[in-house]
Amino acid sequence: MLEGRNPGALTLMAISSREISVQYGARMVLDRLSFEAAAGAWTSIVGPNGCGKSTLLRALAGLIDPQHGSVWLQGRPLMSWPRRDRAKRLAWLAQTAGPSDLTASECVALGRFAHTGWLGSRQAEDETAIHRAMSATGSLAWAARRLSTLSGGERQRVNLARVLAVEASVLLLDEPTTHLDPPHQEEVGRLLREQAHGCRVSIVSAIHDLSLALMADRLLVLRHGGLVGHGSVQDALDGDWLSQAFGTPIKIIRHEGAYLWQPQR
Amino acid sequence: MNAANPSVRREAVGRRDEVVSSHFALWLTAGIVVTALLTAASLLVGTSSIRASVGWLLAPDALSNTVLWHIRLPRAVGAWLAGALLALGGAIAQGLFRNPLAEPYLLGSASGAALGVTVSMMATDASLAGLAWSGELGVTGAAFVGACAAITLTVLLSRGVLQTASLLLAGIVVAFLLSAVTSLLLLSSPDTWRAMQAFLLGSTAFLSWHSTILLAVVFVVCLVPSVLLSRGLDALTLGEDTAQSLGVSLPALRLALLTLLSLATAITVGQVGIVGFVGLVAPHLVRESFHISQRRLLVAAPLCGGALLQAADLLSRWVIRPAELPVGIVTACLGGTYLVYLLWRRARHA
C-alpha cells in the first residue's frame with residue numbers, strides 16, 4: 001500500500017505537513033505547522049471555530065497552496081503526484097455539500113472517477129466499491145433518489161459513501177457528521193474506526209462534537225495562532241490540551257469506554 | 001450498519017434506475033416526434049397559402065421543388081440545428097458556472113462573434129445572403145475568432161477571482177463593450193449596416209443547404225466531446241473543490257468546454273445572427289421536467305432548443321404572413337416572458 005521511495009520513518013507516514021503556513025490576507029491561519037498521520041490511525045483535529053481546522057484539511061488535500069512549507073503524501077511531495085494518482089490515494093469530504101441533481105448512486109460513482117477516468121466504463125471492482133461504500137454508510141435505500149430531494153443527514157451519508165468509494169489510503173473529512181442525528185453520528189464514528197484499524201486507512205477529521213472527536217486514536221489540538229499539542233487521546237487529557245485550546249476549563253469524563261465532556265464549573 | 005444481501009439490493013437499485021431511464025426515453029421520443037411535426041409544418045408555411053403548399057407536395061413541379069426542398073427544408077433543418085447549438089452552449093455554460101441563468105450571451109461570446117461577423121463583412125464588402133462555401137467558412141471563422149477573443153477577455157478580466165459570479169459579471173461587461181464596438185463600426189459604414197440589419201435582429205431566412213451542412217458538422221463536433229466531458233460537469237455539481245479532489249482538472253475542463261461553447265456560439269451567430277434566450281430557456285425547460293445528470297441534459301437540451309427555435313421560426317413566418325418577423329424578435333419576446341415568469345415564481349417562493 002505504501003509506495004514511498006525512501007524507507008524508514010517517512011514511509012510510515014501516510015500524509016504529513018512540513019512547516020506549512022497559510023495566510024488569508026493579513027490573517028495568519030496556519031503558522032509553520034508540522035504534522036504527520038500514520039496509516040491505520042484516525043486523527044481528530046480539535047479546536048475552536050476559526051482556528052484553521054478546515055484550512056489544514058484543505059491544504060492536506062492540495063486544494064490550497066501553502067505560502068510556506070509542503071505537504072507530503074506517502075513519502076512524496078503532494079504536488080508531484082499526477083492528478084489522478086493523487087485522487088486515488090487521497091479523498092476529501094467538504095464541510096458543506098450543496099444540493100445536486102445527481103442521484104445518490106451517480107454521486108457515489110463519481111468517487112470512482114480517478115479509477116475510471118473520463119471515458120472508461122465501471123468495472124466489477126468499481127461496482128463493488130460503490131456498493132460496499134453505500135451499504136457501509138446505510139445509504140443504499142435511497143440510491144436512486146436525487147441529492148436535492150434528500151435531507152441534510154441523508155445527503156451527508158451519501159457524500160461520505162462517495163469518499164469511501166474512492167478506496168483511498170488517506171481520508172480527509174471536514175465535519176463528516178454534520179446534519180446527522182446522534183445514533184448515526186455514533187455509527188459514523190465506529191465506521192471510521194473500522195476503516196482505520198481494519199483497512200489500514202489514515203483518517204484525518206475535523207469534528208465539532210468533542211465526545212465524537214475523542215473516539216479517534218490521536219488528537220491534533222489547535223488554538224488560534226498555533227498548535228497546542230499532537231498525540232494520543234490520553235496525552236491530550238493528561239496535558240489538559242482541550243482547556244488550553246478553547247480557553248475555558250473543559251472536563252472529560254470517561255464513561256463505559258466513551259468520553260463525555262462538560263464545561264467545568 | 002446493515003449489510004443485507006448485496007445482490008438483491010443491487011437489483012432493486014437497478015430497477016429504479018430503469019424507471020427513470022424509461023421516462024427519459026419517452027421524453028426524448030416525444031421531442032423527436034415534435035421536431036418531425038414542426039419540420040413538416042415548416043414545409044407548408046410560407047408566402048404562399050398552405051393549400052398551395054399541400055398542392056405542391058401532391059403535384060410537384062420545378063418551382064415547388066425549389067421552394068420546398070431548397071428554401072423551406074434547409075431553413076427548417078438549419079433552424080433546428082441553430083437552436084440545438086444554442087441550447088448546447090447554454091447547457092454547457094449553466095453546468096460549468098453552476099448558474100441556472102448562464103448562457104452564451106451572458107459570457108460575451110455572442111457579442112464577440114457578432115463583432116467578428118461585422119468585421120469580416122466590412123472587410124469583404126459582402127452580404128450575408130447567398131454566400132459561397134468559402135464565404136460561409138470565412139464568416140464562421142471570423143465569428144469563432146471573435147467569440148474566443150471575447151471569452152479570453154472575460155476570463156482575463158475576472159483573473160485571480162475565477163469564480164462563478166465574477167466571471168459572469170466580467171462576461172456581461174465584455175458583452176456590452178463589444179456590442180458598442182460593433183455599433184460604432186456599423187455607424188461608420190452604412191452599407192454594411194443595411195446588409196446586416198436582419199442579421200442583427202436574428203434571422204433564419206438566410207439558411208441554405210450550405211449553412212445547414214456546416215451547422216450539422218459543428219453540432220456533432222460540439223456535442224460529442226461535451227457528452228464525453230459530462231462526468232466532469234457532474235462532478236462540478238458537487239462543488240469546485242470536490243470536483244478537484246475527485247481528480248478532475250478544472251483548468252483543462254474549463255478550457256475545453258469554453259472552446260466548445262465559443263464554437264457553438266460562433267457558428268449560430270454566423271448563420272442566424274443574434275438569437276437570444278434559446279440557450280437560456282431550453283436547458284431550463286428540460287430541468288423543469290426532469291432532474292437529470294449532465295450527460296442526459298447535454299442530449300436533451302439540444303433537442304428542446306432545436307424544437308423551440310423551429311417553433312419560433314414558424315411563428316415568425318405566421319404572425320404577419322405573407323411578410324415575416326425576424327426570429328430573434330420572436331425568441332426575445334417568448335424567452336423574455338419566460339424569464340419574467342421564472343423571476344416572478346422565484347420571488348413568490350422566496
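Biologist: At what angle do helix H3 and helix H8 of chain B pack, and how far apart are their axes?

Modeller: Helix H3 (residues 62-96) and helix H8 (residues 209-228) of chain B pack at about 25°, with their axes 9 Å apart. The model is a predicted one: local features need pLDDT of at least 70, side-chain atom pairs count only at pLDDT 80 or more, and totals for chains, interfaces and linings use all residues. Residues are numbered from 1 along each chain as its sequence is written, while chains are lettered from A and ligands numbered from 1 in the order in which they are written.

Biologist: What makes a stretch a helix or a strand?

Modeller: Both are DSSP runs, numbered from the N terminus: helices are H or I with at least four residues, strands are E with at least two.

Biologist: Why are H3(B) and H8(B) called roughly parallel?

Modeller: Axes are lines fitted to C-alpha atoms, for helices over the stretch in contact, and angles run from 0 to 180 degrees between N-to-C directions. Angles under 35 degrees count as roughly parallel, over 145 as roughly antiparallel, 65 to 115 as roughly perpendicular and the rest as oblique. The angle here is about 25°, so H3(B) and H8(B) are roughly parallel. Their crossing is left-handed (the near helix is turned anticlockwise from the far one by less than a right angle; clockwise would be right-handed).

Biologist: Which residues make the contact between H3(B) and H8(B)?

Modeller: From H3(B), they include B:His70, B:Leu81 and B:Ile92. From H8(B), they include B:Trp209, B:Phe219 and B:Cys222. Contact has a cut-off: C-beta atoms, placed from the backbone, lie within 7 Å.

Biologist: What makes H12(B) oblique to H14(B)?

Modeller: The axes of helix H12 (residues 278-289) and helix H14 (residues 327-349) of chain B cross at roughly 50° and come within 9 Å. That angle makes H12(B) oblique to H14(B). The crossing is left-handed. B:Val278, B:Leu280 and B:Val281 in H12(B) meet B:Thr331, B:Gly335 and B:Tyr338 in H14(B).

Biologist: What span does helix H13 of chain B reach, and what is expected?

Modeller: H13(B), residues 294-318, has 25 residues and reaches 35 Å from its first C-alpha to its last. The expected span is 1.5 Å times one less than the number of residues. That gives 36 Å, and H13(B) comes close to it.

Biologist: Why does B:Gln244 count as buried?

Modeller: A residue is buried if 20 or more other C-beta atoms lie within 10 Å of its own, exposed if 12 or fewer, and partly exposed in between, with C-beta atoms placed from the backbone. B:Gln244 has 21 C-beta neighbours inside 10 Å, so it counts as buried. It sits in helix H10 of chain B. Not counting residues up to four places away in sequence, B:Gln244 touches A:Leu63 and B:Leu250. As for H13(B), 22 of its 25 residues are buried.

Biologist: How many residues does each chain bring to the contact between chain B and chain A?

Modeller: Chain B brings 29 residues and chain A brings 32. On the chain B side, helix H1 (6-44), helix H9 (230-236) and helix H10 (240-245) give two or more residues each. H1(B) gives the most, with seven.

Biologist: How do you know that E4(A) and E5(A) pair?

Modeller: Two strands pair if DSSP finds at least two bridges between them. Strand E4 (residues 68-73) of chain A and E5(A) have two bridges, in the antiparallel sense. In E5(A), A:Pro77 is the bridge partner of A:Trp72, and A:Arg76 is that of A:Leu73. The hairpin has two residues between the strands, and A:Gln74 takes a positive phi near 45° there.

Biologist: What is the order of the four strands in that open sheet, and what makes E2 and E5 of chain A edge strands?

Modeller: The order is E2-E1-E4-E5 (chain A), with antiparallel pairing. Strand E2 (27-38) and strand E5 (76-77) each have a single partner strand, so one side of each is left without a neighbour in the sheet. Helix H2 (residues 53-60) of chain A packs on this sheet, touching E1 (13-24), E2 and E4, at about 120° to E1(A). E1(A) and E4(A) pair over five bridges. A:Ser17 stands opposite A:Val71 in E4(A).

Biologist: Which strands are at the edges of the sheet of six strands in chain A?

Modeller: That open sheet runs E6-E7-E8-E3-E9-E10, with mixed pairing. Its edge strands are E6 (90-93) and E10 (226-232), each pairing on one side only. E6(A) runs parallel to strand E7 (residues 170-174), with four bridges joining them.

How values were computed. Two residues are in contact if their C-beta atoms, placed from the backbone, lie within 7 Å.
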